[in-house]
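Trainee: I would like a close look at a single part of this model, with its surroundings described step by step. Could you take me through it slowly and then connect it with the rest of the chain?

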Amino acid sequence: MSEEQNNLAEEGLDAAAQTDSLKPAGPEDRTLGAAGYMSLWVGDGVNMGNMTLGASVVVAGMAILNIWQTIAAALIAIAIVSILFALNDRAGYKYGIPYVAHLKASFGEKGTLISSLLRAVPAVIWYGIQSWIGGTALNEVFKIVSGGALDNVVLGFIILLVIQILLSMKGFKSIKAVESVASVVLMGIVITVFVILLKDHSAAVADTWINTEGTWGVPFFAYIMVFLGNYAAIFLSAADYSRELKTGYSDAKRGLLYFLPIIVAYGSVIVVGAMLASATGYTNPALGLPALFDNVYMQLFISVFIVFGAIAVNMVANIVTPTYVIQLFTKLNYKIAVTITGLLAMGSFPWLLVQDNNAKGLDTFVQVYSAFLGPLIAILIVEYYVMRKQHIDIKELYKKGGDFDGVNYAALLTLGIGAAAAFMFVDLAWIIGFVVAGIVYPIISKTMFKGSKFKKGTIFESEAK
């Protein structure tokens, strides 16, 4: 047990401290070094959902952005993602607290019950999306092995969910093991597919994507938001990952631990996704990738590793945080909460968002939830860096009835204002919500709710009196 946990044991505990997996992680609890940490983001970046986002630049056989515009949009998005990761992971890295505890510092214990759902719900839906793509690939395996006698995507989807539930029950130990293999193997497949597309389908790729005029207008910036929004839920809950990283890494080094693997993995997958859609007409890579190969054994090989890729990304991005949120609500143990997360993913109707010939439904989903996640991360960053000067009283954070009990109405009001502003122009939802909330939150915190105990420990403490 860590020193923080020993100290907490002497206090009255809130819901977040009543479950072992939600208590602060001490130095002895952290198992990930630089290589292991970067493998998380390579394994997360090389996945079929991200490839689908790259494919979404091609709609009805025509590219909205050309190659240079697509690459520029991806690079800008990845740079912003890396910066926000390094900023928002600080509380988790410094104190060893999970996202739900970090969230409590801004929203209060009861307010966290509301705001945590805005991260958990998209994660569960992404869990379903990745599992549906993986289930589609698993069905391709069924068809090849059975000679076409077994053809049932729903069965593949259910089997894959069961496998992921069982794997994720061991927590970060199984995540580390899966990602260390996935990061190498999946990047190898992406490189192989890139070479094949370049060699055998360069004319189709050039006609559809490279030589198109594209646009540097609003759609270009909208795709930056789509590529960025895809990571918005993950860097929002950065504390869930940084608390597992060994101590001794500076902010700048941690920034590189995000930027390097994400630009290699996510950037290459976006490019390959656009090329694949140009060459095959499929925006679902589980159908597009096998279509590249005439050899049935290569089709089987690709399908198996699409399944593996779906598992890899879900283990990192879409299981841990919603499981912690379920624990926060229910106080159930980790294994039961993991099972509930999987069952919720099963009912998320992912087939409505991933169509065989059009990924616009997925783009719209990302843009809509980004309207809430932009304001959320702005609140966390302003709270931690500006208002609390990078200091959180951890004993008070975990104490039932302490300074962080109840609801911080200033944060909830800011969240509502930021989201409302974002929905005025959904194509740029994340950045609008982020900027508006970042400006509004300190103003509301200073001028409203005069007797709020959430001002204690902030630069506005005198306003609480």
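Mentor: Just after helix 16, Lys-331 takes a positive phi of about 65°, and that residue is a convenient place from which to look back along the helix, bearing in mind throughout that this is a predicted model. Helix 16 covers residues 320-330, and because 9 of its 11 residues are buried, it is largely enclosed by the rest of the structure. The buried residues are Val-320, Thr-321, Pro-322, Thr-323, Tyr-324, Val-325, Ile-326, Gln-327 and Leu-328. They pack against helix 6 (99-115), helix 7 (117-146), helix 9 (172-200), helix 12 (239-242), helix 15 (296-318) and helix 17 (334-346).

Of these neighbours, helix 17 can be described in some detail. Two packed helices are described by the angle between their axes and the distance between the axes. For helix 16 and helix 17 the angle is about 115° and the axes are 9 Å apart, and the crossing is right-handed. On the side of helix 16 the contact is made by Val-320, Pro-322, Thr-323, Tyr-324, Ile-326 and Gln-327, which meet Tyr-334, Ala-337, Val-338, Ile-340, Thr-341 and Leu-344 of helix 17. Sorted by character, the residues of this contact are 9 nonpolar and 3 polar, with no charged residue.

Three other neighbours of helix 16 can each be followed through a residue of their own. In helix 6 there is Ser-115, which is buried, with a relative accessible area of 0%. Leaving aside residues up to four places away in sequence, Ser-115 touches Tyr-99, Leu-103, Phe-107 and Leu-376. In helix 9 there is Val-181, which is partly exposed at a relative accessible area of 42%. The C-alpha atom of Val-181 is separated by 15 Å from that of Asn-314, a residue 133 places away along the chain.

Helix 7 leads to the aromatic residues, for which the count comes to 18 aromatic pairs. One of them joins Phe-85 and Phe-235, whose rings are edge-to-face at 6.1 Å centre to centre, with 75° between the planes. This pair links distant parts of the chain, since Phe-85 belongs to helix 4 (residues 67-88) and Phe-235 to helix 11 (residues 218-236), 150 residues apart. Phe-85 counts as buried at 0% relative accessibility, and Phe-235 likewise counts as buried at 0%. The pair that involves helix 7 itself is formed by Trp-132 and Phe-157, whose ring centres are 5.4 Å apart and whose planes stand at 70°, so it is edge-to-face. Because Trp-132 lies in helix 7 and Phe-157 in helix 8 (residues 153-168), the pair ties together parts that are 25 residues apart in sequence. Trp-132 counts as buried at 13% relative accessibility, and Phe-157 is buried with a relative accessible area of 2%. Phe-85 and Phe-235 also belong to one aromatic cluster, together with Tyr-37, Trp-41, Tyr-241, Tyr-258, Trp-430 and Phe-434.

A second helix pair can be set beside that of helix 16 and helix 17. Helix 10 (residues 202-210) and helix 13 (residues 251-280) pack at an angle of about 105°, with their axes 8 Å apart, and they are therefore roughly perpendicular to each other. Here Ala-204, Val-205, Thr-208 and Trp-209 of helix 10 meet Val-271, Ala-274, Met-275, Ser-278 and Ala-279 of helix 13. The residues of this contact divide into 7 nonpolar and 2 polar, and none is charged.

As for burial elsewhere, helix 3 (residues 48-55) is mostly covered, with 8 of its 8 residues buried; among them are Met-48, Asn-50, Thr-52 and Leu-53.

Finally, to return to backbone angles like that of Lys-331, two further residues take a positive phi. Lys-389, although it is not a glycine, has a positive phi of about 50°, and it is found in the loop between helix 18 (360-387) and helix 19 (394-398). Gln-390, which is not a glycine either, has a positive phi of about 65° and lies in the loop between helix 18 and helix 19. Lys-389 counts as exposed at 57% relative accessibility, whereas Gln-390 counts as partly exposed at 28%.

Methods
Residues numbered from 1 in each chain as written. Predicted model: local features only at pLDDT ≥ 70, side-chain atom pairs only at ≥ 80, totals over all residues. Heavy atoms only, no water. Buried < 20%, exposed > 50% of the residue type's maximum accessible area, 1.4 Å probe, protein only. Helix = DSSP H or I, 4+ residues; strand = E, 2+ residues; numbered from the N terminus. Contact = heavy atoms within 4.5 Å. Axes fitted to C-alpha atoms, helices over the stretch in contact; angles between N-to-C directions. Parallel < 35°, antiparallel > 145°, perpendicular 65-115°, else oblique. Nonpolar A, V, L, I, M, F, W, Y, C, P; charged D, E, K, R; others polar. Left-handed = near helix turned anticlockwise from the far one by under 90°. Phe/Tyr/Trp six-rings, centres within 6.5 Å; stacked < 30°, edge-to-face > 60°.
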